[in-house]
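Here is a brief report on a structure, covering surface, fold and symmetry. Sequence and coordinates come first.

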There are 2 protein chains.
Amino acid sequence: MRDFNIKFGIVGIDHRHVYTQAEFLIELGAELVGWYTKGSPTTLEGFLKRFPQAKRVNDPRILLEDPNIQVILISAIPSERAKISISAMKHGKDVMSDKPGVLSFEELDELRHTVLQTGRIWSVDFSERFEVPAITLASQLVLDGAIGDVIHTLGIGPHRLNANSRPDWFFDPDKNGGILADIGSHQIDQFLYFTKSKSPKITLASIRNMGHQQFSMFSDFGEIALSSEKANGYIRLDWFTPKALPTWGDGRLFLLGTEGTIEVRKYCDIGGEADDNYVYLTNGAKHEKIYGGDAGCPYFYNFLVDVLERSETAMPQEHVFKVMELAIEAQKIADGEKENELI
Amino acid sequence: MRDFNIKFGIVGIDHRHVYTQAEFLIELGAELVGWYTKGSPTTLEGFLKRFPQAKRVNDPRILLEDPNIQVILISAIPSERAKISISAMKHGKDVMSDKPGVLSFEELDELRHTVLQTGRIWSVDFSERFEVPAITLASQLVLDGAIGDVIHTLGIGPHRLNANSRPDWFFDPDKNGGILADIGSHQIDQFLYFTKSKSPKITLASIRNMGHQQFSMFSDFGEIALSSEKANGYIRLDWFTPKALPTWGDGRLFLLGTEGTIEVRKYCDIGGEADDNYVYLTNGAKHEKIYGGDAGCPYFYNFLVDVLERSETAMPQEHVFKVMELAIEAQKIADGEKENELI
């Protein structure tokens, strides 16, 4: 494992995901030079505890204009991420954004254009794949042909609401993107990744508020169905994680292959031990429970390699754009803005 | 437990489901008087082994016209079930059909009319609910309010193909109904039952042949999405059960409630013991694995009570009609015959 001598800055620490984004890079030898955020987000205390040595700056330009900094991490309010990304790339930086990385087709076009123009990397840390070692193991199994061709992915993405500790922007879909664009983007990423689909289409997208009428703009339930030339997918999202679950959500991924199936229990195993990161494989030869916790999270290593080598190993650039395009489209369909687009 | 002094006959033993249909009734004291089937279906040997004492007749009318027989079980080729049911009811018999009980809207109308006219019971044994004790336990938990209101059901219905032992009609959708009308009806039943929806609609229905091109008319994959005034549902069906799974399919039901979740692992627990009938409950107070194998299958008892008492305890008559109506509609949408009906 190489030790990366790369310096990075952070613009916007509004979501807790910034903790692991930064931690993974620091663990690989990258140096957090400084960070900027507006005001005092709810994540501030946790951030200061984790990164006491890093310097807070009072203008993001100090980081963007620092020639020693190669990478900018972004975990600002979702609606601000695209324009920070664009500005960072125009300043010569590679970018790793928290998901969702962009909320409108217009900004997505501008991101595409900026990447083309600057040659910079725009990456989105889809943590439900990139920070789950069991998914790394599942990826290896699929690549090794353990279940044949993946013809369906089924993702269940429940999340604990923790309404009291959420900032106001979280309940405003204009700022947060809505449930499909936000947590749906994780699962669209997994559908595209595991099925290697070339022409994916949204076949169903809906949102509802089933139990939190006090937040009138908020959707606590959402679903997306996808279909491509070779596979289908379904995604169920919700903010109903029950109090007694030992973690924030019983996230699952089911892969149906022509020769076998894989189920990933990402964060817990209900009713049993509080074990996370287990892969359940069934194929022609065996059915077994395999611990995936040691499989690592190569996205971060590969991202830093890409920064140095100008390669595309962490995630193809076009994949990121396609994920966010579909996530925005799903959200717009569910919002009723694109009703007639369904195939 | 009362001992039922009820006599029944069987018309059509073409699907193995007839074994358990008859066994449950015999166990409750009902008497199998005689049975009729065309030719020598693949189920014949197993049937003779299980019910050696029952008398085969060479004309179904012998059973339909026997005044001592109160109930007719039907497990004929699916396309023939409705007309046998209608004839049986017109002969004064109550009917329990294997699923799918009917394949066309026209026959469904005639079934509704016949029930109205004759006052007979037309029931369909949705075995993925009625023959799974863990589902009985899940039902009790939901009735007791363990997870609040059920706002989503997610059913996974994989089935082993066993192509060599299937009769020809199985691969002919005109006779078998197609994957959505056939095995989809089980899951539509569970959606309606657990969500108590009054105005369900199909929001997505698709079928594909992903890995069995040698059977040109056959769909080995299907999916249905439903939405009602209070809940959504998604159903994934396939004929890809891997060889090494210790049973015919890793059937699952996930219930998302406003106050908790239930997962039912119906037939096995992959990677662990070959345990079936487990319920995984998570709510505000606990998360636990509960054995549901002792919860029984009250459908059969209730059905016989209904025969004697002219009550409607096993399953509301309107529920059966609605399940089959939606199953037929889903199949027609997926077949491309009802494209514009999607909401």
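## Surface, fold and symmetry

Chain A exposes an accessible surface of about 13100 Å², and carbon and sulfur atoms account for 47% of that. Areas follow the Shrake-Rupley method with a 1.4 Å probe; for residues, only the protein chains shown count as cover.

This is a predicted model: local features need pLDDT of at least 70, side-chain atom pairs count only at pLDDT 80 or more, and totals for chains, interfaces and linings use all residues. Residues are numbered from 1 along each chain as written, chains are lettered from A and ligands numbered from 1 in the order written, and side-chain values use heavy atoms, without hydrogens and water.

| Property of chain A | Value |
|---|---|
| Secondary structure | twelve helices and 14 strands |
| C-alpha span along principal axes | about 55 × 50 × 40 Å |
| Buried share of the 343 residues | 63% |

Helices (H or I, at least four residues) and strands (E, at least two) are DSSP runs. Buried means under 20% relative accessible area, with a 1.4 Å probe and protein chains only.

Contacts (heavy atoms within 4.5 Å) reach far along the sequence. In chain A, among those between residues at least 6 apart, 70% join residues at least 24 apart.

How does chain A relate to chain B? A rotation of 180° with 0.0 Å of shift along its axis superposes chain A on chain B, with RMSD 0.0 Å. The two copies are therefore related as by a two-fold rotation axis. The fit is by least squares on C-alpha atoms of residues with pLDDT of at least 70 in both. A:Leu204 comes closest to the axis among the residues of chain A, its C-alpha lying at 3.4 Å. Both copies use the same surface: 100% of the contact residues of chain A recur in chain B.

Note on methods:
Buried means under 20% relative accessible area, exposed over 50%, partly exposed in between (1.4 Å probe, protein chains only).
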